[in-house]
Amino acid sequence: MQMTGVGIGRGSAIGQVVRMPEPLPDPQDSPSSRSAEDEGARAAASLAAVAADIRDRGARAGGSAKNVLEAQAFMAEDPTLSADVTTRLADGKTAERAVFEAFAGFRDMLRSMGGYMGERAADLDDVSQRVVAHLSGVPAPGVPSPEHPFILVARDLAPADTALLDLDKVLALVTSDGGPTSHTAILARDKAIVAIVGVSEASSLSDGDTVIVDAATGAVTVSPTDDEIAAAERAIAERESAIAAPTGPGALADGTPVPLLANLGSAAAAEDAVTKGAEGVGLFRTEFLFLDSNSAPTVEEQQGHYTKLLQAFPGKKVVVRVLDAGADKPLSFLNDSPEENPALGLRGLRALRANEQILRDQLTALANADAATESDLWVMAPMVSTVEEARYFTALAHDLGLRTAGVMVEVPSAALLADRILAESDFASIGTNDLTQYTLAADRLLGSVASFQDPWHPAVLRLVGEVGAAGAALDRPVGICGEAAADPLLAVVLVGLGATTLSMSPAALADVRAELARFTLDQAKQFASLALSANSAVEARAAVTAAIQ
Ligand code: PEP
Ligand code: MG
């Protein structure tokens, strides 16, 4: 028997189910024998203790878990919630019941909003359970710890639980609630845990059931046959060896090369990228070097950073992006005047042109580093929105001694005029994070519109296709350097749309390399056309997933 949900990543696992314990029973709604003040003091103390405990878990877990748990600790400290608790205590309720009711009210409100906010509802439930458990002096329901490795099945996992999972024991996660942007999904991705979320039938799984969890297909196979177990064991072994030993350059099954490059923010990260099989750098985010600076960095200071980076990739292609200031990446020395809509403001290349000496200094530092090292340096400009900007940047970079100068395609206007933009540039690199933000008009920093931020959206893919076609017609390379390239299946679709290289965070390289090797260019093109014919991101993903099966 098979159940399906949304797989996170590419891994698979075989094991026995252990279910997360059921939540605590709802506290009784009987009148309190204490005064409202006493109950108020108990509630306040437990809310504070739970906030401190959650924060401590975040500090121990680190990574993105820290931010997630910090946000959850704030829920326990929310003044509106505690005002709600106080109102209920004034009606003679116990602290347990007042906390339970106040959180339930907020939870229902979030759930009714749906999307990203709806997926935060489980986080509120978790805080509520922890506070009620603390008030009642019982342990909060948490991840069980049997002696043997297991597949954890839950309605949804609280960030506080996911963050500190024992990865030697938990082979995979299966949840009945939660979507691709739930915290379970975010943290599973971060920790590379095999996970399938939103498996609505998972509630029928029992402790001790044997299951195969295959994140690549989103399938949970219950009570598998010996043949199914043997096939899954082979797949697990193949994936483990592919990850452990990156073999050869990225290529499709028919041999079409697709160089796999790394997105980096510092030269220090280069070694790890090389170990993981990066064939070069597809996006070096130079603004990350100077986020704390109050004044523009000097040519010498920059030259030091760039030289170190280039030395890590002798003979390899390294694409460096000039400073991309603005919105999510503010640089006070480039654009510090307040703007109402910074994502639509004086950012990227626009900010550099307004401070041309900073751009000249950076290109000079890059040219000097290039002259002193052996790698193949390419430079590119962020947030290009007109043909004239492409012409300006390419000419300036060439004048300052850089051989290869291109533009990022992150704004729909640049994608729509890709043929003319590419006629003025040596290459294009598509930043799918911003391209998705601007195509769907959905702020990439805003949780409430996160469901719109999906690069599988056919509108985004159509724009990628425009750039791919222009690149092919003019014989110009077209790279992808947004998060989309790190989604193995989407990576195949992007190649089908004309991408010639893919750049991603180094952790994603092995899975993308393995996925590309499964399909020919003709197949990639077929998948691309299926995705383009869909009406939504969800339909596009589903159509291609069905086709590969
Ligand atoms: C992008 O926008 O996709 C991109 C790669 O650039 P950044 O994420 O740094 O804005
Ligand atoms: Mg960008």
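## Helix 17 and the residue Asn433

Asn433 is located in helix 17. In this predicted model, Asn433 is buried, because its relative accessible area of 16% falls under the 20% cut-off for burial. Beyond its neighbours within four places in sequence, Asn433 makes contact with Arg285, Arg444, Gln453, Gly482 and Glu483.

## The magnesium site

Helix 17, which covers residues 432-439, also holds Asp434. The magnesium ion (ligand 2) is coordinated by Asp434 through OD and by Glu410 through OE, at 2.0 Å. Glu410 belongs to the loop between strand 13 (404-409) and helix 15 (412-416), whereas Asp434 is part of helix 17, so the pair ties together parts that lie 24 residues apart in sequence.

Both coordinating residues fall under the burial cut-off of 20%: Glu410 is buried with a relative accessible area of 2%, and Asp434 is buried with a value of 1%.

## Helix 14 and its packing

Helix 14 comprises 13 residues, 387-399. At 1.5 Å a residue this helix should span 18 Å, and its end C-alpha atoms are 18 Å apart, so the expected and the modelled spans agree. Just after helix 14, Gly401 adopts a positive phi of about 100°.

The buried residues of helix 14 are Val387, Glu389, Ala390, Tyr392, Phe393, Thr394, Leu396 and Ala397. The buried residues of this helix pack against helix 12 (349-354), helix 13 (356-372), strand 12 (376-381), strand 13 and helix 16 (418-423). Strand 13 is also the element that precedes the loop containing Glu410.

## The eight-stranded sheet

An open sheet is formed by eight strands, in the order 1-8-7-3-4-5-6-2, with mixed pairing. Its edges are strand 1 (2-4) and strand 2 (6-8), each of which pairs on one side only. Neighbouring strands of the sheet are turned by 30° against each other on average, with direction ignored. Helix 9 (residues 226-244) packs on this sheet and touches strand 3 (12-19), strand 7 (210-214) and strand 8 (219-222). The direction of helix 9 makes about 115° with that of strand 3.

Strands of a sheet pair through backbone hydrogen bonds, in either a parallel or an antiparallel sense. At one edge of the sheet, strand 2 pairs with strand 6 (residues 194-197) in the antiparallel sense, over three bridges. Within this pairing, Gly7 has Ile196 of strand 6 as its bridge partner.

Notes:
Residues are numbered from 1 along each chain as its sequence is written. Chains are lettered from A and ligands numbered from 1 in the order in which they are written. This is a predicted model: local features need pLDDT of at least 70, side-chain atom pairs count only at pLDDT 80 or more; totals for chains, interfaces and linings use all residues. Side-chain values use heavy atoms; hydrogens and water are left out. Two strands pair if DSSP finds at least two bridges between them. Helices (H or I, at least four residues) and strands (E, at least two) are DSSP runs, numbered from the N terminus. Axes are lines fitted to C-alpha atoms, for helices over the stretch in contact, and angles run from 0 to 180 degrees between N-to-C directions. Contact means heavy atoms within 4.5 Å. Donors are N, O and S atoms within 2.8 Å of the metal (3.2 Å for Na, K and Ca); water is not among the atoms, so sites may look incomplete. Buried means under 20% relative accessible area, exposed over 50%, partly exposed in between (1.4 Å probe, protein chains only). The expected span of a helix is 1.5 Å times one less than its number of residues.
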